[in-house]
Amino acid sequence: MKHTTILFKKIKIAFLFAILLDASLSAQTTVIIGANNGANGVNTYPCPLQDASMSTRAQYLYTAAEMSAAGYLNGSIITQIGWVTNATTIATHLSENYTISVKNSAISTLSTTAWETGMTAIYGPTNYSYPSGTAGNIIFNTTNFVYTGGSLVVEVCGGIGTGIASSNPSCQ
């Protein structure tokens, strides 16, 4: 049985947020945070849509400076989260109990020895299967989450620790 837990310091994954800028106008903007400076392989990490191990947990930090540079303001409402993928051919990809959680934070780095606590689940748990060969934005509609300024911690969990592991899509 292959069971993996992953703890990352700060990473640069192209990360998508759709935010509701003004509730009365319902204007939405999609923002990419990070740069495409490479992508994971089908059996490597970090990968927010993983299935190469039977279960994983990873936390990603988007600093206050990155959020501000992307135009996020205190009070922005996050309504969707996603990742940019390269076309990856995968058979039988399934991440059971896939969950995305977030937390507003004042931290500027993630610990290498402890998980951030107090996360709020905004998507899942649900079974997620990457549509083989898809390239571009993989978007998840989330429960509304109010960004209050500062850094944002994003946690992704998936898998049940048993079953069949497949491969990871290539995420930028």
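Which residue does the side chain of lysine 103 meet in a salt bridge? In this predicted model, the partner of lysine 103 is glutamate 116, with an N to O distance of 3.0 Å. The pair links distant parts of the chain, 13 residues apart: lysine 103 belongs to strand β5, whereas glutamate 116 lies in the loop between β5 (95-105) and β6 (120-128). Both glutamate 116 and lysine 103 are buried.

The structure holds two salt bridges. Besides the pair just described, arginine 57 forms a salt bridge with glutamate 155, and here the closest N and O atoms are 3.0 Å apart. This pair also links distant parts of the chain, with arginine 57 in strand β3 (residues 55-62) and glutamate 155 in strand β8 (residues 151-159), 98 residues apart. Arginine 57 has a relative accessibility of 26% and counts as partly exposed. Glutamate 155, at 8% relative accessibility, counts as buried.

The secondary structure of the protein consists of one helix and eight strands. Along the sequence these elements follow the pattern β-β-β-α-β-β-β-β-β. Of the contacts with a separation of 6 or more, 84% are between residues 24 or more positions apart. The protein has 172 residues, and buried residues make up 48% of them. The exposed area is about 7600 Å², of which carbon and sulfur atoms supply 53%.

The largest nonpolar core has 28 residues. Within this core, Leu49, Trp83, Tyr98, Ile100, Phe140, Leu152 and Val154 touch the most other members. At least two core residues come from each of the strands β2 (27-33), β3, β4 (77-85), β5, β6, β7 (136-146) and β8.

Phenylalanine 140 illustrates the surroundings of one such core residue. With its neighbours within four places in sequence left aside, phenylalanine 140 is in contact with Leu49, Thr79, Gln80, Ile81, Gly82, Trp83, Tyr98, Ile100, Tyr123 and Tyr128. Among these contacts are Leu49, Trp83, Tyr98 and Ile100, which are also listed with Phe140 among the core residues that touch the most other members.

Strand β4 is mostly covered, with nine of its nine residues buried. Strands β4 and β7 run antiparallel and are joined by eight bridges. Tryptophan 83 has isoleucine 138 in β7 as its bridge partner. Trp83 is in addition one of the core residues that touch the most other members, and it is in contact with phenylalanine 140.

The structure holds zero disulfides. The cysteine sulfur closest to that of cysteine 47 is in cysteine 171, at 4.0 Å, so the two are too far apart for a bond. The relation holds in the other direction, as the closest cysteine sulfur to that of cysteine 171 is in cysteine 47. A disulfide requires sulfur atoms within 2.5 Å, and the separation of 4.0 Å therefore does not qualify. Both cysteines are covered: cysteine 47 counts as buried at 5% relative accessibility, and cysteine 171 counts as buried at 2%.

Key:
Residues are numbered from 1 along each chain as its sequence is written. This is a predicted model: local features need pLDDT of at least 70, side-chain atom pairs count only at pLDDT 80 or more; totals for chains, interfaces and linings use all residues. Side-chain values use heavy atoms; hydrogens and water are left out. Helices (H or I, at least four residues) and strands (E, at least two) are DSSP runs, numbered from the N terminus. Buried means under 20% relative accessible area, exposed over 50%, partly exposed in between (1.4 Å probe, protein chains only). Contact means heavy atoms within 4.5 Å. Accessible areas come from the Shrake-Rupley method with a 1.4 Å probe; for residues, only the protein chains shown count as cover. A salt bridge is a side-chain nitrogen of Lys or Arg within 4 Å of a carboxyl oxygen of Asp or Glu. A nonpolar core is a set of buried Ala, Val, Leu, Ile, Met, Phe, Trp, Tyr and Cys residues joined through side-chain atoms within 4.5 Å. Two strands pair if DSSP finds at least two bridges between them.
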